[in-house]
Amino acid sequence: MLFMVIEQFRNGDPLPVRTRFQEHGRMLPDGVTYHASWIDPTRARCFQLMEAADADALQPWLDAWSDIVQFEVIAVLTSADYWAMVS
């Protein structure tokens with residue numbers, strides 16, 4: 001499954017996130033794959049496309065960052081997969 005993970009930097013401060021990432025990397029659990037990310041500099045948000053068997057597989061990763069990031073996790077489909085289901 002694909003997930004769009006929207007991260008809101010706590011207190012609008014990205015520096016703790018950058019520091020932890022530089023020191024520890026992404027800290028993904030086994031079975032979770034990072035695909036890409038984008039930053040919204042105006043609102044201090046990061047959008048990450050992740051892949052895992054289910055949302056529960058993301059939980060160790062979310063827990064590792066939740067003290068400095070608030071998360072919203074949305075299951076998504078590729079456009080091709082969505083339109084194949086609709087047809």
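The legends below describe an overview and several close-up views of one predicted protein model.

In this predicted model, local features need pLDDT of at least 70 and side-chain atom pairs count only at pLDDT 80 or more, whereas totals for chains, interfaces and linings use all residues. Residues are numbered from 1 along each chain as its sequence is written, and side-chain values use heavy atoms, with hydrogens and water left out.

**Figure 1. Overview of the fold, with three helices and four strands.** The elements follow one another along the sequence in the pattern β-α-β-β-α-β-α. Helices (H or I, at least four residues) and strands (E, at least two) are DSSP runs, numbered from the N terminus. The C-alpha trace spans about 45 × 30 × 15 Å along its principal axes. Of the 87 residues in the protein, 28% are buried; the classes used throughout are buried (under 20% relative accessible area), exposed (over 50%) and partly exposed (in between), with a 1.4 Å probe and protein chains only. Among the contacts with a separation of 6 or more, 69% come from residues 24 or more positions apart, a contact being heavy atoms within 4.5 Å.

**Figure 2. Surface and charge of the protein.** The accessible surface comes to about 5600 Å², and carbon and sulfur atoms contribute 54% of this area. Accessible areas come from the Shrake-Rupley method with a 1.4 Å probe, and for residues only the protein chains shown count as cover. There are 6 positive and 12 negative side chains, and the centres of the two sets are 10 Å apart. Lys and Arg count as positive and Asp and Glu as negative, while His and the chain ends are not counted. Each charge is placed at NZ of Lys, CZ of Arg, CG of Asp or CD of Glu.

**Figure 3. Close-up of Asp-40 and its salt bridge with Arg-45.** Asp-40 belongs to strand β2 (residues 33-40). The side chains of Asp-40 and Arg-45 form a salt bridge with an N to O distance of 3.0 Å; a salt bridge is a side-chain nitrogen of Lys or Arg within 4 Å of a carboxyl oxygen of Asp or Glu. By this rule, the model contains two salt bridges. Asp-40 is classed as buried because its relative accessible area is 15%, and Arg-45 is likewise buried, at 17%. The side chain of Asp-40 also reaches the backbone nitrogen of Arg-43, at 3.3 Å. When residues up to four places away in sequence are not counted, Asp-40 touches Arg-45 and Phe-47.

**Figure 4. Close-up of the salt bridge between Asp-67 and Arg-20.** The closest N and O atoms of this pair are 2.8 Å apart. The bridge links distant parts of the chain, with Arg-20 in helix α1 (residues 15-24) and Asp-67 in the loop between α2 (59-65) and β4 (69-76), 47 residues apart. Arg-20 has a relative accessible area of 19% and is therefore buried. Asp-67, with a relative accessibility of 48%, counts as partly exposed.

**Figure 5. Close-up of Ala-57 and its contacts.** Ala-57 lies in the loop between β3 (45-51) and α2. Its relative accessibility is 22%, so Ala-57 counts as partly exposed. Apart from neighbours within four places in sequence, Ala-57 is in contact with Pro-29, Val-32 and Ala-52. The C-alpha atoms of Ala-57 and Asp-67 are separated by 19 Å, with their positions ten residues apart along the chain.

**Figure 6. Close-up of Leu-15 in helix α1.** Leu-15 is partly exposed because its relative accessible area is 46%. The C-alpha atoms of Leu-15 and Ala-36 are separated by 20 Å, and the two residues are 21 residues apart along the chain.

**Figure 7. Close-up of Asn-11 and Met-27, each with a positive phi although not a glycine.** Most residues other than glycine have a negative phi. In Asn-11, phi is near 60 degrees. Asn-11 lies in the loop between β1 (2-9) and α1, and its relative accessibility of 82% is why Asn-11 counts as exposed. Met-27, found in the loop between α1 and β2, has a phi of about 60 degrees. The relative accessible area of Met-27 is 31%, which means that Met-27 is partly exposed.

How values were computed
Polar contact = N/O pair within 3.5 Å; in protein donor to acceptor, adjacent residues only side chain to side chain.
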